[in-house]
Amino acid sequence: MESPDNSDAALLEEKLFSLAEVAAKQGVHYMTVYRHVRTGKLAATKLNGEWQVRECDLIARTAPSQGKPGSADISARSAAFRNRLLASDEPGAWSILENCLAAGADPADLHHELILPFLHRIGTDWASGTLAVSSEHTASAVMQRLVARLGPLMRTKGRSRGSIVIGAVAGDAHSLPAAIVADLLRNGGYDVLDLGANTPARSFAETVALVDRCKAVGLSASRSLDASIREAIEAIRLADSTLKIVVGGCSIQGAEHAKSLGADGTESDSRLIAAAFDEVIDSQVSPAVAQQ
């Protein structure tokens, strides 16, 4: 179901074309235009139940693309990707991701430029009351399945750099942010064990004791859960005091906040997540060095 959006009024002030009109202008079949909308090749928005294409988007569609293969395609398809998710159209949303990959986009860039910006947008829209709770839930459910389908493409070949345990702390019901970070870390060469949402402190401690070559732990908190974060960190430290801990999520307000919770680091930029873990892991001092 399409959710009403405050941008409808702005759309009415622009020159709009129906899909039939676009097909007539381009001399193609209606279904060709519809397929381009479904796969993100042509940006369109539903207005009063009908797909409408803005004149500027139609011009952009026929203009020659610039930049490296794949990079322009991702940003150009963000509106179509959002529309497909809000319409609960998983095949259409996946087609957009597939087309980006076929155009040369890196799987990680789909997270950086499509998936994470959309999650931020729906969170903002929900908080402001412009997006219904039902739309937020259905779009998030579709996104969860898309991220699962992207997962195998994120793994890198070669020797593992070690293992990282990650999960959302107790009280946080959102598993998707941690799942995305897990994929980005796999893309960085790590083996990752994702414990999912609402993970008790005890589970983190028990898991790090069992995981082979565990290098670090990532804790996710999408809302203010400082007590849960501290409890998890204390449990992990008791299980293995050498492990580095990185915290992240909407509730973490910078490096000083992370440090006050007992963590070794934090990073809000998805492109730097793997580097943030690299930095804290590399800062570990081996017993042999410490004795010198």
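Two strands pair if DSSP finds at least two bridges between them. That rule sets up the sheet described here, in a model that is predicted.

## The sheet

Five strands form an open sheet, and their pairing is parallel. The order is E5-E4-E6-E7-E8. Strand E5 (191–194) and E8 sit at the edges, and each pairs on one side only.

Start with strand E4 (residues 163–168). Four bridges join E4 to E5, and the two run parallel. Here Ile166 stands opposite Asp194 in E5. E4 also pairs with E6 in the parallel sense, over six bridges. In that pairing, Gly167 stands opposite Leu219 in E6.

Next comes the pairing of E6 with E7. Five bridges join these parallel strands. Val217 has Ile245 in E7 as its bridge partner. E6 is mostly covered, with six of its seven residues buried. In general, strands of a sheet pair through backbone hydrogen bonds, either parallel or antiparallel.

## Salt bridges

Side chains of opposite charge can pair when their charged atoms come close. The structure holds 11 salt bridges. Three of them are set out below.

| Pair | Closest N to O distance |
|---|---|
| Asp125 and Arg82 | 3.3 Å |
| Arg271 and Asp109 | 3.2 Å |
| Arg237 and Asp264 | 3.1 Å |

Take Asp125 and Arg82, whose side chains meet in a salt bridge. This pair links distant parts of the chain. Asp125 lies in helix H8 (residues 107–128) and Arg82 in helix H6 (residues 78–86), 43 residues apart. Both Asp125 and Arg82 are buried. The contact also belongs to a wider group: Arg82, Arg121 and Asp125 are linked in a network of salt bridges.

How far apart in sequence are the parts tied together by the salt bridge of Arg271 with Asp109? They are 162 residues apart. Arg271 sits in the loop between strand E8 (265–266) and helix H14 (273–282), while Asp109 is in helix H8. The two ends are exposed to differing degrees by the cut-offs used. Asp109 has a relative accessible area of 16%, so this residue counts as buried, the limit being under 20%. Arg271 is at 45% relative accessibility and therefore counts as partly exposed.

Arg237 forms a salt bridge with Asp264. Arg237 lies in helix H12 (residues 226–239), and Asp264 is in the loop between helix H13 (255–260) and E8. The pair therefore ties together parts that are 27 residues apart in sequence. Both ends fall in the partly exposed class: Arg237 has a relative accessible area of 24%, and Asp264 has one of 33%.

## The largest pocket

The largest pocket has a volume of about 1300 Å³. Its lining holds 46 residues. Leu119, Pro177, Ser222, Gly249 and Cys250 lie nearest its centre.

Several elements give two or more residues to this lining. They are H8, helix H9 (133–154), helix H10 (176–187), strand E6 (214–220), strand E7 (244–248) and H14. H8 gives the most, with 10 residues. H8 is also the helix that holds Asp125 of the salt bridge with Arg82. E6 and E7, joined by five bridges in the sheet, are both among the lining elements.

What is the make-up of the lining by residue class? The residues divide into 24 nonpolar, 18 polar and four charged. The lining draws at least three residues from each of domain 2 (70–153) and domain 3 (156–284).

## Loop residues with positive phi

Most residues other than glycine have a negative phi. Asn198 and Arg213 call for a look at the backbone.

Asn198 has a positive phi, near 50°. Asn198 is placed in the loop between E5 and helix H11 (201–210). At 46% relative accessibility, Asn198 counts as partly exposed.

Arg213 has a positive phi of about 55°, although Arg213 is not a glycine. Arg213 lies in the loop between H11 and E6. Its relative accessible area is 37%, so Arg213 is partly exposed.

## A contact at Gln26

Gln26 has its place in helix H2 (residues 19–26). At 31% relative accessibility, Gln26 counts as partly exposed. Gln26 and Leu58 are 32 residues apart in sequence. In space they are 9.9 Å apart, C-alpha to C-alpha.

Notes. Residues are numbered from 1 along each chain as its sequence is written. This is a predicted model: local features need pLDDT of at least 70, side-chain atom pairs count only at pLDDT 80 or more; totals for chains, interfaces and linings use all residues. Side-chain values use heavy atoms; hydrogens and water are left out. A salt bridge is a side-chain nitrogen of Lys or Arg within 4 Å of a carboxyl oxygen of Asp or Glu. Buried means under 20% relative accessible area, exposed over 50%, partly exposed in between (1.4 Å probe, protein chains only). On a 1 Å grid over the protein atoms alone, a cavity is a set of points where a 1.4 Å probe fits but cannot get out, and a pocket is an open set with protein on both sides within 12 Å along at least five of seven lines; lining residues have an atom within 4 Å of a point. Grid points are joined across faces, edges and corners, and a volume is the space filled by probe spheres set on the points. Ala, Val, Leu, Ile, Met, Phe, Trp, Tyr, Cys and Pro count as nonpolar, Asp, Glu, Lys and Arg as charged, and the others, Gly among them, as polar. Domain bounds come from an automatic or database domain assignment.
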